[in-house]
Amino acid sequence: MEMTKWLNVGKIVNTHGIRGEVRVISRTDFPEERYKLGNTLYVEQGDGDMVPVTIAAHRVHKQFDLLQFEGHSNINDVEKYKGHLLKASADDSVEMEEGEFFYRDIIGCTVITDDGKELGKVKEILSPGANDVWVIKQKDFGPDLLIPYIPPVVKSVDVENKQVIIHLMEGLI
C-alpha cells in the first residue's frame, strides 16, 4: 500500500473563544486555497493517525489564521487538537501559474550568478510584503544573503535540477 505524502499546512497552537475556533500558525504558501470553506484538512494525532476535518469558517486575527471545523462548534470539540499539526494530502496540490513555485521547490536550490559564481543555497523564504525574499546560506561562509524575488534579479528557476540563476544588481550584496 502506497503511503500518502503530507504537506504541513500549519500548527494548531490554541483554541480561540468558546465556539470551536482554533488558532493556527500557518506554514502554507496558499492559506486562501487551503482554508477555503468545504476543504478537508487533517489533524495529525500523536500516534500518526490523521483525523479529517472540514473547514467551516476561516478568518485572520493578528498573526493567526482562525479556523472552525464542521461539527466542531464548541471549545470542548477542538481542545484535543491543541499542539497538533494541520496537514493536507500532497495529492491536493494547488495549480501554479507560470513563474510561481512552491516554497518546498525553491528551498535547497543552489543559487548561481548569471556570470557563473555559485553563491550558496536557498535556506528559507521570507514574505515581508510586496514580494518574497529568498535567504541564501553562502557557500563560503559569511552572513546570509537576502535576494528579492523580482524579475530584474531572479533570471531563471530550474526546480528539476534545484538551480536558480540570479543577476546581481549593484548594491544587492
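## RimM N-terminal annotation

An unreviewed UniProt entry carries the annotation "domain: RimM N-terminal" for residues 9-91. In this predicted model, the end C-alpha atoms of residues 9-91 lie 14 Å apart. Strand makes up 51% of the span and helix 10%.

## Domain layout

The domain assignment splits the protein chain into domain 1 (6-92) and domain 2 (103-166). Their C-alpha centres are 31 Å apart.

## The barrel

A barrel is closed by 6 strands. Their order is β1-β2-β5-β4-β3-β6, and the pairing is antiparallel. Neighbouring strands of this sheet are turned by 50° against each other on average, with direction ignored.

One pairing in detail: β2 (residues 21-26) meets β5 (residues 64-69) through 4 bridges, in the antiparallel sense. Here R23 stands opposite L66 in β5. As background, strands of a sheet pair through backbone hydrogen bonds, either parallel or antiparallel.

## The open sheet

A sheet of 6 strands stays open, with mixed pairing. The order reads β10-β9-β8-β7-β12-β11. The edges are held by β10 (145-148) and β11 (154-158). Each has a single partner strand, so one side of each is left without a neighbour in the sheet. From one strand to the next, the twist averages 35°.

Within this sheet, β7 (residues 110-113) and β8 (residues 118-126) run antiparallel and are joined by 3 bridges. V111 has G120 in β8 as its bridge partner.

## The largest pocket

The largest pocket holds about 460 Å³ of space. Its lining counts 17 residues, and the closest to the pocket centre are N8, R27, T28, D29 and Y103. By class, the lining divides into 8 nonpolar, 4 polar and 5 charged residues.

Where does the largest pocket lie with respect to domain 1 (6-92) and domain 2 (103-166)? Both domains give residues to the lining, so the pocket lies between them. Three elements, β1 (6-16), α1 (31-34) and α3 (103-106), each supply at least two lining residues. β1 is also part of the barrel order.

## Picture in brief

Two assigned domains, 6-92 and 103-166, make up the layout. The strand architecture includes a closed antiparallel barrel and an open sheet with mixed pairing. The largest pocket, with lining residues from both domains, sits between the two.

Notes: Residues are numbered from 1 along each chain as its sequence is written. This is a predicted model: local features need pLDDT of at least 70, side-chain atom pairs count only at pLDDT 80 or more; totals for chains, interfaces and linings use all residues. Side-chain values use heavy atoms; hydrogens and water are left out. Domain bounds come from an automatic or database domain assignment. Two strands pair if DSSP finds at least two bridges between them. Axes are lines fitted to C-alpha atoms, for helices over the stretch in contact, and angles run from 0 to 180 degrees between N-to-C directions. On a 1 Å grid over the protein atoms alone, a cavity is a set of points where a 1.4 Å probe fits but cannot get out, and a pocket is an open set with protein on both sides within 12 Å along at least five of seven lines; lining residues have an atom within 4 Å of a point. Grid points are joined across faces, edges and corners, and a volume is the space filled by probe spheres set on the points. Ala, Val, Leu, Ile, Met, Phe, Trp, Tyr, Cys and Pro count as nonpolar, Asp, Glu, Lys and Arg as charged, and the others, Gly among them, as polar. UniProt positions are given in the numbering used here, feature names are shortened, and annotations may be inferred rather than shown by experiment.
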